[in-house]
Amino acid sequence: MLRIEGMNTHYGASHVLQGVDLDMPQGRISAVLGRNGVGKTTMVKTIMGLVALSSGRVAVGDTDITGWPPNRVARQGVAYVPEGRLIFPDLTVIENIKVGEREAGTAWPLARLLELFPSLRERSASKGSQLSGGEQQMLAIARALVSDPKVMLLDEPSQGLAPLVVRELARVIRLLREEGVTILLVEQNMKLAEAVADELHIMVKGRMVYSATPAVFRAEEEAIRGRFLTV
Ligand SMILES: Nc1ncnc2c1ncn2[C@@H]1O[C@H](COP(=O)(O)OP(=O)(O)OP(=O)(O)O)[C@@H](O)[C@H]1O
Ligand SMILES: [Mg+2]
């Protein structure tokens, strides 16, 4: 559904992504793990067209979206839930969701989103700044969903959330998969990634160095953690 081939991205002279390959099957959850600063967010931003790639190819289904600007990538069905959520603090919950709306109809109208996220229904008139971290994360996901995406890019959604909230997040991510959304989950939280992902990948210094199913990953976890993930 989403395929990256030989993605290279530079910030000035700094060569951050060094030939990233990733093939995400439709309706599956692919997780990318990696230490701080290896290039996970840069990969997501490059897919979205927020950062220019130096070479390589990105495709959604049969459509080559390489070099497309962000609004066009979004219209192709890719939604982005950024690291840090980036909720509008002065807008209400409902207004924040409406920011993500497109002209065409959606499989995720407001009523359905508020059903999926009961905590947001209760707080629908609250300002973004008044929400807890967990509520802000759910709101960021709701704002992405209202655009009716085929592919959703989630950048460290568990960051700063209590374990109970992370469990709720896992429930929502699984539910999205059941609804046919293809998900790229970038995480430092190995537990969340292991709990929901169908495929796990590890990035080191701008390259994918390891891919496995959760079962294989779990069996090799100790060794992998030491080699690729701990500082
Ligand atoms: N706008 C930018 N300009 C220059 N360098 C940048 C910029 N954004 C990120 N970098 C650098 O690029 C490298 C990769 O950053 P990136 O944010 O993609 O890593 P990450 O894997 O998402 O890290 P984290 O786990 O901390 O979110 C880092 O060395 C970072 O300092
Ligand atoms: Mg990041």
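The dialogue below asks how several labels in this predicted model follow from computed values.

Biologist: What makes T41 and E83 count as ligands of the magnesium ion (ligand 2)?

Modeller: The atoms concerned are OG1 of T41 and OE of E83, which coordinate the ion at 1.9 to 2.6 Å, and because a donor has to be an N, O or S atom within 2.8 Å of this metal, both qualify. Since water is not among the atoms, the site may look incomplete. The pair also links distant parts of the chain, with T41 in helix 1 (residues 40-48) and E83 in the loop between strand 6 (78-81) and helix 3 (93-99), 42 residues apart.

Biologist: Why is T41 called buried, and why is E83 called partly exposed?

Modeller: The relative accessibility of T41 is 19%, and because buried means under 20%, T41 is counted as buried. E83 has 29%, which lies between the limits of 20% and 50%, so the label is partly exposed.

Biologist: Which label does T42 receive, and how do you know?

Modeller: T42, which is also placed in helix 1, has a relative accessibility of 7%, and it is therefore buried by the cut-off of under 20%. Leaving aside neighbours within four places in sequence, T42 is in contact with T9, Y11, V16 and L17.

Biologist: What makes D64 and R57 a salt bridge?

Modeller: Their side chains meet at 3.2 Å, N to O, and because the limit between such a nitrogen and a carboxyl oxygen is 4 Å, the pair satisfies the criterion. D64, at 34% relative accessibility, counts as partly exposed, and R57, with 31%, is partly exposed as well. R57 and D64 are linked with R3, E5 and D23 in a network of salt bridges, and a search of the whole structure finds 10 salt bridges.

Biologist: How do you know that E168 and R171 are separated by about one helical turn?

Modeller: They are three residues apart in helix 7 (residues 163-178), which means a separation of about one helical turn. The closest N and O atoms of E168 and R171 are 2.9 Å apart, so this pair also falls within the 4 Å limit for a salt bridge. E168 has 27% relative accessibility and counts as partly exposed, as does R171 at 35%.

Biologist: Why is it said that R177 and D198 tie together separate parts of the chain?

Modeller: R177 lies in helix 7 and D198 in the loop between helix 8 (190-196) and strand 9 (199-204), so their pairing joins parts that are 21 residues apart in sequence. Their side chains meet in a salt bridge at 2.8 Å, N to O. The labels of the two residues follow from the 20% limit: R177 is partly exposed with 23%, whereas D198 is buried with 18%.

Biologist: What makes a set of residues a nonpolar core, and which members of the largest one touch the most others?

Modeller: The members have to be buried residues of the listed nonpolar kinds, joined through side-chain atoms within 4.5 Å. The largest core has 48 residues, and F117, I141, M152 and L176 touch the most other members; helix 6 (residues 133-145) gives the most to this core, with seven residues. Leaving aside neighbours within four places in sequence, F117 is in contact with M138, I141, A142, L145 and V172. A second, separate core of 27 residues includes I4, L22, V38 and M48.

Notes
Residues are numbered from 1 along each chain as its sequence is written. Chains are lettered from A and ligands numbered from 1 in the order in which they are written. This is a predicted model: local features need pLDDT of at least 70, side-chain atom pairs count only at pLDDT 80 or more; totals for chains, interfaces and linings use all residues. Side-chain values use heavy atoms; hydrogens and water are left out. Donors are N, O and S atoms within 2.8 Å of the metal (3.2 Å for Na, K and Ca); water is not among the atoms, so sites may look incomplete. Helices (H or I, at least four residues) and strands (E, at least two) are DSSP runs, numbered from the N terminus. Buried means under 20% relative accessible area, exposed over 50%, partly exposed in between (1.4 Å probe, protein chains only). Contact means heavy atoms within 4.5 Å.
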